[in-house]
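Student: I have a new model to read. Can we work through it step by step?

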Amino acid sequence: MQYVVIGAGPAGVTAAETIRKQDPSGEVILIGDEPEPAYSRMAIPYYLADKIPEQGTYLRHDPKHLDSLGVRQLKQRVTRVDSAARQLQLAGGGALGFDRLLLATGSDPVKPPIDGLDQPGVHHCWTLEDARNIVKYAQPGSHVVLMGAGFIGCIIMEALAERGVDLTVVEMGDRMVPRMMDQESGNLIKQWCIDKGVTVHTSTRVTGVKANASGAARITLSCDPVGTLEADLVVVAAGVKPAVDYLRDSGIELAQGVVVNEYMESSVPGIYAAGDTCEGIDWGSDGQHAVHAIQPVAAETGRIAALNMCGEVTPYPGSMAMNVLDTLGLVSVSYGQWMGVPGGDEVHRLDSDEYRYIKLQFNGDRLIGAITLGRTEHVGVLRGLIQSRTRLGKWKQHLMEDPTRIMEAYLGATQLTQG
Amino acid sequence: MQRSLYISPDKCTGCLQCEMACSFEHEGNFNPAKSRIKVFTFHTEGRFVPYTCTQCDEAWCKSACPTEAITLDAATGAKMVNDGLCVGCKVCTIACPFGTINYNTTTGKVMKCDLCGGDPACAKACPTQAITYIDAEGTGYDKMRTWASRTDTQTAAQA
C-alpha cells in the first residue's frame, strides 16, 4: 500500500505518524514544498519576538524522527492531482502514484485586491521565510503598518511590538478580530492596544500602496478614511484560505476547501483531506460544513483521516471553532456559536476598567458558545461543557445570574451527583 | 503498576493544604494561585471539590501542542510540559476539555499537574485522604474517565 500525504504541517505530520503506527509495512511519503523541516506556523510569532530560535518552531525536535519511522520525505510542490490515474504531478517534472492520498496542504494567505502589494517591503506573515524577512526590517523605531487585525494580525502584533517598532494597525472591520470576538470584546482589545502604544484604525481600508520616492520611509499607503501612512515595512495579514488551487481540475469536490465526509474522505474514494485544507462537518450545526483553520483541528483531523486511510473506520463528529489569542498580554478565547442561536439565551458580564469580559450562549440548558477576555484559568472546561452537551440544569440559572461561575457550574453539573 | 491521583470530594474539608503543597513543590513558594490542583467550594451545598488533571489517555493538550512541548512520562503516565519548548501559545488550554492545563502569566508558559515525578505533594499533604495516589486499576475513580469519554470528540478509537 502506498500512502501519500501532501503537506508537512501539523495535519500532515500527525497523519504520517498515525499511518505508520497503523500499517508498519506500508510505504509512507510526506511531501512538503518548503525547504525547512516540518514546522508549526503557530510558533512563528514567538520566533519573531526572539523568544525562540527557528528550531523552536519545529513540529518534532528529533531531526531523524520521520526517517526513523520510515516516512520518505519529498521537498516538492504538487501541481496537479489526477484522481482517475491515481497520480500526482510534481513541479520538478516527475509523477508519483498513490493508493491512498491525504490532502493536507493547509492555507494560503489572502492577498487583497490592492495595487502595490508586490513591492519590496510588503510581506505576508505566513511562512518561516516571511518571518525572516519581517525580522530583517522590523527594527527598533522602524514604522510598520499591519494590514488586518484578524487572528493572525493580532497574534503577530505582540511580536512586532516587542521588536520595538512603531506600529500602526489598519483593519476593515469595525473592531479587532471581528470573526472571533463580538463588539464589546473586539473594542476592548482595540482600547487595550491603543493603551499599549499601538495606533489602531478600524473601519479603515487601505486603497493603495506605493514606493515612497521622497521621504525617509520606504512605502506610502493610502487609506480611506485615514489618509496617508508611511511605513518601512508593511505586513499583510488579511486572512487565509484553503490551499486548493492545484485541485481545480482533479474532479474532487471543492467548496471553500475540500469537502469531506465524517471519515475525512473527499468525493473521490481513497482521497482524504485534513487540517485547513478540508471543509468538514461543523460540530453542532446540524450537518453544515465549515473550514476551521486551527491547530487542534489540524492535529485531530490528521489523525482521524490517517486511521480511515488505513481501514480503521473512525468517524469524526466534526470540528468546532475555537481560538485563543494573546494581544499584547490580553488573553481572549472564543468557542463555538459565540454569536448565539435564535431562541437561545445569552448572558455577559463586562468590566471594561479591568479588561475582563465573559459571554455565554445557551440553547435550552446547554452551553453552545462562549467568549472570554482576561481569563486564563480553566478556560478549557468551556469546550468540555459545549462538546459533551452537558445539561446544566439549575446551574444554567446560576450562570445567567453570574457567568463567571463557570468552573462551579462545570463541577456542579459533572462531578457532584446532587448538582 | 501505574498509579493515579484518586480524589474523594466527600472527604475534603477545604483546608487547601494540597494547593499550598503543590505551589511549594513547583514554584518554591506558598502561592495557591500557582497551584496545579484547585479546591472549589460549593457554599450552598457545603462541599469542596479538589480538581486537577487526570492524565487522560486522549491527551488533548499533547496532541494540540504545535511544538512538541508536551510529552508522556512513561514511568508515571503524566503528560509533562517542557518549559524549554513551550512557546506559550495556549492552544492546549483551549483544547483540554477539563480546563486542567493553564497559562501562567508570570512565566509565559503553560502549567499542569506532573504527578511530581511519581510522589505527588498534594496527596502527601492531604490530612483526610481526600487525595490519594493509588493503583490506576480497580478504583472507583473512573468518574472522570467516564466524563472524558462523553467529551471525546476524537472518538474511542485510539491510534
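Tutor: Here come short questions and answers on chains, domains and core.
This is a predicted model: local features need pLDDT of at least 70, side-chain atom pairs count only at pLDDT 80 or more, and totals for chains, interfaces and linings use all residues. Residues are numbered from 1 along each chain as its sequence is written, while chains are lettered from A and ligands numbered from 1 in the order in which they are written.

Student: Which helix gives the most to the side of chain A that touches chain B?
Tutor: Contact means C-beta atoms, placed from the backbone, within 7 Å. By that test, 48 residues of chain A meet 36 residues of chain B. Helices and strands are DSSP runs, numbered from the N terminus (helices: H or I, at least four residues; strands: E, at least two). With 6 residues, the top contributor is H7(A).

Student: How many residues of domain 2 of chain A are in the contact with domain 1 of chain A?
Tutor: Bounds come from an automatic or database domain assignment. Domain 1 of chain A is 2-108 + 241-309, and domain 2 is 122-236. Their centres, over C-alpha atoms, are 30 Å apart. Domain 1 of chain A supplies 11 residues, and domain 2 of chain A supplies 12 residues.

Student: Which helix supplies the largest share of the largest nonpolar core?
Tutor: Such a core joins buried Ala, Val, Leu, Ile, Met, Phe, Trp, Tyr and Cys residues through C-beta atoms within 7 Å; buried means 20 or more other C-beta atoms within 10 Å of a residue's own. The largest core has 179 residues, with A:Val235 among those with the most contacts inside it. The largest share, 9 residues, comes from chain A's helix H5.

Terms used:
Contact = placed C-beta atoms within 7 Å. Buried ≥ 20, exposed ≤ 12 C-beta atoms within 10 Å, placed from the backbone.
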